[in-house]
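Good morning, colleagues. I should like to take you through one model today, beginning with its sheet and ending with its ligand.

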Amino acid sequence: METETVIPLTRPQTDDAELAEIAEVLASGYLTQGPKVEQLEDMIRALVGTEQAFAVTSATTALHLSLVALDIGPGDEVLVPDFTFPATANVVVQQGARPVLVDIDLDTFSVNHEDLARRVTPRTRAIIPVHPFGLSADMDPILEGAKRHGLAVVEDAACALGATYRGRQAGSIGQVGCFSFHPRKSITTGEGGMIVTSDGALADRIRLLRSHGGIREHGRFRFEAAGFNYRLSDILAAVGVAQMRKLDGFLEARRRVAGWYDAALDGVERLIRPSTPEWATHTYQSYVVLLDADVDRDGVIAALRADGIETTLGTYALHAQPFFSRTYELQPGELPNSYRAFRSSLALPLHGGMREAQVETVVARLRAALDAA
Ligand SMILES: *Cc1c(COP(=O)(O)O)cnc(C)c1O
């Protein structure tokens, strides 16, 4: 029998504000991409400071559209950190290009700069740095390498809306940045995403390709490209507008919960707490600890589940997933840090509505599970 979940991994924070915004859209009779999408785009631009923002249906379609707009295709290579959600690399595959997987550092879970530099070839066209769990990658060395080799930088900032790197907003640092509005991210629209850029030519391509490749002229369209329909509905954008008004509070609440974890986990053996380098502010999309290599992480997850506490792995080592392993002939463990993180990372429950007593319960049960593991 499944134990009832008492402390879930996450819980989206919504209230009457979202309902009021949705009601306004429904009453307007205009349900597809319209004024609410524009309002949400304006709010994101105001936050991250880019010239343009384009709402789309997810971070995955945001990443895909970015690569299409950059004209990434067959014969091209794109550098992707190995420790990420598969969407980061899948979009490269969708374009007929090759994702070249790069190992990470275990202290930040971000791309390792030496391994990145080693994997650049004459076919490399772009880098997709990921900001894992809401902590910005160390962008300066990435930007330097990209400049030296003439590569585009597409930030996978899916987890990092509101995170900063040396005072700059994550997503605004590369040529283009992509955010997710999935329920586990900084704000949610159920499903949704956003592309931000200050590159005018790229923005024009993105605008065109987001909506069928059509340019509106005299009340009809002139189709200039074989585009997509990646538009976000105004119904979902309405949820996003209400969420954006609460973003500061959301992030503050997440950081407060993370602070409780930091304190409660101080001195707990057989794990390393997440650390934030001095150049970053963290959104804590997830609070991910790294367990000692000899700990049976999945056993810990099962023990906590039996206590009604939902935890999960941090994220995936792509090279060890069947598709990537088979297609690119990679052996599990070939990217050792990513593989270690895949096997030993543990995401603890974290959402803005959590109370300190719940954090203490999680940590007490985790301690017991580690003692038994
Ligand atoms: C969540 C996530 C995605 C996918 O976002 P969707 O909006 O669900 O498509 C991509 N990359 C990373 C790093 C993510 O965490």
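Two strands are taken to pair if DSSP finds at least two bridges between them. Please keep in mind that this is a predicted model.

With that criterion, seven strands form an open sheet, and its pairing is mixed. The order of the strands is β1-β9-β8-β5-β4-β2-β3. Which strands stand at the edges? They are β1, residues 52-56, and β3, residues 98-102. Each has a single partner strand, so one side of each is left without a neighbour in the sheet. On average, and ignoring direction, neighbouring strands of this sheet are turned by 25 degrees against each other.

Let me turn to one pair in particular. Strand β8, residues 176-180, and strand β9, residues 193-197, run antiparallel and are joined over five bridges. Within this pair, S180 stands opposite G193 of β9. Helix α7, residues 200-210, packs on the sheet, where it touches β1, β8 and β9. The direction of α7 makes about 20 degrees with that of β1.

S180 also brings us to the ligand, since it is among the residues that surround the ligand, together with S58, D156, K185 and others. By class, this shell comprises four nonpolar, six polar and two charged residues.

Which atoms of the ligand lie opposite polar atoms of A59, T60 and D156? A polar backbone atom of A59 is 2.9 Å from a ligand oxygen. For T60, a polar side-chain atom lies 2.5 Å from an oxygen atom of the ligand. In the side chain of D156, an N or O atom is 2.8 Å from a ligand nitrogen. On its own the ligand has 380 Å² of accessible area, of which the protein covers 87%.

Notes:
Residues numbered from 1 in each chain as written. Predicted model: local features only at pLDDT ≥ 70, side-chain atom pairs only at ≥ 80, totals over all residues. Heavy atoms only, no water. Near = heavy atom within 4 Å. Polar contact = N/O pair within 3.5 Å; in protein donor to acceptor, adjacent residues only side chain to side chain. Areas by Shrake-Rupley, 256 points an atom, 1.4 Å probe, with all protein chains shown as cover. Nonpolar A, V, L, I, M, F, W, Y, C, P; charged D, E, K, R; others polar. Helix = DSSP H or I, 4+ residues; strand = E, 2+ residues; numbered from the N terminus. Axes fitted to C-alpha atoms, helices over the stretch in contact; angles between N-to-C directions. Contact = heavy atoms within 4.5 Å.
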